Amino acid sequence: MKWVAGLVAFGVVVGAGETLNAYREISHRIVAAAMADEEGYARLAELCDRIGNRLSGSEALERAVVWSQAQMKEAGLENVTAIPVKAPHWVRGREAASIVAPVERKLNILGLGGSVGTAGVTAEVVAVQSFDELDRLGRKGVAGRIVLYNAPYRGYGNTVAYRMAGPSHAARLGAVAALVRSVTPASLATPHTGTLEYDADAPEIPAASVTVEDAETIARLCAKGEVKVHLEMDDRTAGEAELADVIGEIRGVEFPEEVVVIGGHLDSWDVGQGAQDDGVGVMAALEAASLIHKLGLRPRRTIRVVFFTNEENGGAGAEAYREWIGGRIRTHVAAIEMDGGAERPVGFGFTGTAAGLSRLQEAGVLLDGIHAETVGTGGGGADIAPLIRDGVPGLGLRTVGTHYFDWHHSAADTLDKVDPYNFKLNVAALAVMGYWLADEPGRLN
Ligand SMILES: [Zn+2]
């Protein structure tokens with residue numbers, strides 16, 4: 001019950017304005033309700049265990065869309081609906097790879113999302129740690145070979161470039177396939193998938209992630225002589241997938257047309273359970289709204305819970321929501337995204353005006369009881385990017401982020417990685433911030 005001591009802090013904060021004072025008591029009630037709530041985690045368990053992972057175009061994602069609408073209605077949300085979304089349908093087929101010389105060894109791979117397949121290619125491997133190293137080898141050293149990017153993890157934002165741009169970069173130098181060391185700071189021999197981006201000016205070559213352990217093994221062998229790898233992948237893009245964003249609301253009592261979005265993405269990669277990425281985001285957003293409803297709180301503006309789709313391999317759900325609201329974007333007061341896992345929350349990142357930032361930093365005191373009061377710059381991920389692009393202030397929930405990328409996009413992203421206590425803290429942070437944004441007398445933009 002370590003949160004109880006923290007809550008006392010709500011009563012002793014000094015320096016915040018009178019209007020914020022009015023929200024301390026309500027915030028206290030919301031946090032207490034979130035910490036006592038078992039329903040949110042139970043819903044997350046049902047999503048993970050009974051529906052499982054949810055790649056765009058999968059039958060599981062279709063079931064998740066139906067299930068999500070039922071959950072929103074059960075939670076008391078109004079205007080529950082599904083917004084149709086179309087996206088390219090990428091399908092993972094049978095995948096296999098092995099070192100064939102100088103030793104024989106099976107490799108544990110996952111094709112990268114969007115990759116083309118190959119009936120089978122056997123070629124010498126050239127292992128590099130960076131794009132510069134590959135460029136120095138030039139076409140002469142790369143053509144006809146399989147490139148292995150064995151780039152050490154230097155933060156997700158930096159290292160993910162090898163997964164996204166690596167295949168086309170290698171193809172421009174004549175490579176026949178690309179292997180990418182999993183983008184993760186810690187590995188227990190699980191490959192981490194993720195999407196790639198083919199450039200229009202490069203041949204499309206098959207590309208797969210390998211484990212950190214396998215990447216290191218191949219690199220060590222390459223340092224001693226010629227290494228050959230065989231790769232087979234039935235992966236392909238097959239027509240269009242019919243998907244949906246799911247939304248539900250708590251209608252505002254004074255300005256119902258003004259909207260605060262709280263959301264995450266319902267789709268996931270096709271390994272693990274999509275628990276931390278991003279089952280926690282959608283289930284925490286729903287629970288935040290559910291608790292506000294259960295407490296009988298009716299904010300001035302509408303809180304809209306949005307389960308975006310196709311975040312992982314296309315972003316079609318984010319664009320479809322932007323299109324769906326059209327000119328009503330002017331009445332979007334703020335958007336909060338949770339897509340960084342449910343480790344212990346520390347606050348929010350914000351993208352918007354300097355005035356908006358300083359108001360949010362003041363409002364942060366409403367969350368100091370759970371030590372989630374820090375509001376910094378630069379917040380919001382891919383799902384609210386189209387809203388931010390068109391002027392809506394955007395917030396991204398931030399956590400300590402200690403282990404998120406250990407599990408991300410791998411078979412290890414399962415419910416057991418989600419600590420129930422930390423999950424509740426995330427629900428509390430979303431609910432307090434969402435309620436304040438939807439109810440405060442001013443407006444963030
Ligand atoms: Zn995600």
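Let me start with asparagine 79, which is found in strand 1, residues 78-91, in what is a predicted model. Phi of asparagine 79 is near 50 degrees, a positive value in a residue other than glycine. As background, most residues other than glycine have a negative phi. Is asparagine 79 buried or exposed, or something in between? Its relative accessibility is 46%, and for that reason asparagine 79 counts as partly exposed.

Histidine 409 also has a positive phi, near 60 degrees, and it too is a residue other than glycine. You will find histidine 409 in the loop between helix 12, residues 404-407, and helix 13. Because its relative accessibility is 6%, and the cut-off for buried is under 20%, histidine 409 counts as buried.

From phi I move to the peptide bonds, and here the general background is that most peptide bonds are trans. A cis peptide bond, with omega about 5 degrees, joins alanine 101 and proline 102, and proline 102 lies in the loop between strand 2 (95-101) and strand 3 (105-107). There is also a cis bond from aspartate 277 to aspartate 278, where omega is near 0 degrees, and aspartate 278 has its place in helix 8.

Aspartate 277 brings us to the metal site. Which protein atoms serve as donors of the zinc ion? They are NE2 of His265, an OD atom of Asp277, and Asp339, which is listed twice with OD, and these donors lie 1.9 to 2.7 Å from the zinc ion. Along the chain, the donors follow the spacing H-x11-D-x61-D. Histidine 265, in strand 11 (residues 255-265), and aspartate 277, in helix 8 (residues 275-294), form a pair that links distant parts of the chain, twelve residues apart. Both histidine 265 and aspartate 277 are buried.

Why is the arrangement around the zinc ion described as irregular? The four donor atoms subtend angles of 53 to 150 degrees, and that spread makes the arrangement irregular, because four donors count as tetrahedral if all angles lie between 85 and 135 degrees. For orientation, the ideal angle for four tetrahedral donors is 109.5 degrees.

Let me stay with helix 8, since it also packs against another helix. The axes of helix 8 and helix 13, the latter covering residues 420-439, come within 8 Å and cross at roughly 55 degrees, so the two are oblique to each other. The crossing of helix 8 and helix 13 is right-handed. On the helix 8 side, the residues in contact include Val280, Met283 and Leu291, and on the helix 13 side they include Phe423, Leu430 and Tyr435.

Two further helix pairs are worth following on the structure. Helix 5 (residues 131-142) and helix 6 (residues 156-172) have axes that come within 10 Å and cross at roughly 25 degrees, which makes helix 5 roughly parallel to helix 6. Their crossing is right-handed, and among the residues that meet are Phe131, Leu134 and Arg139 in helix 5, with Tyr162, Ala165 and His169 in helix 6.

In the last pair, the axes of helix 3 (residues 39-51) and helix 4 (residues 59-74) come within 11 Å and cross at roughly 160 degrees, and helix 3 and helix 4 are therefore roughly antiparallel to each other. This crossing, too, is right-handed. The contact is made by residues including Arg43, Leu47 and Ile51 of helix 3, together with Ala60, Trp67 and Glu74 of helix 4.

Methods: Residues numbered from 1 in each chain as written. Predicted model: local features only at pLDDT ≥ 70, side-chain atom pairs only at ≥ 80, totals over all residues. Heavy atoms only, no water. Donors = N, O, S within 2.8 Å, 3.2 Å for Na, K, Ca; no water. Tetrahedral: all angles 85-135°; square planar, octahedral: opposite > 155°, others 65-115°. Helix = DSSP H or I, 4+ residues; strand = E, 2+ residues; numbered from the N terminus. Buried < 20%, exposed > 50% of the residue type's maximum accessible area, 1.4 Å probe, protein only. Axes fitted to C-alpha atoms, helices over the stretch in contact; angles between N-to-C directions. Parallel < 35°, antiparallel > 145°, perpendicular 65-115°, else oblique. Left-handed = near helix turned anticlockwise from the far one by under 90°. Contact = heavy atoms within 4.5 Å.
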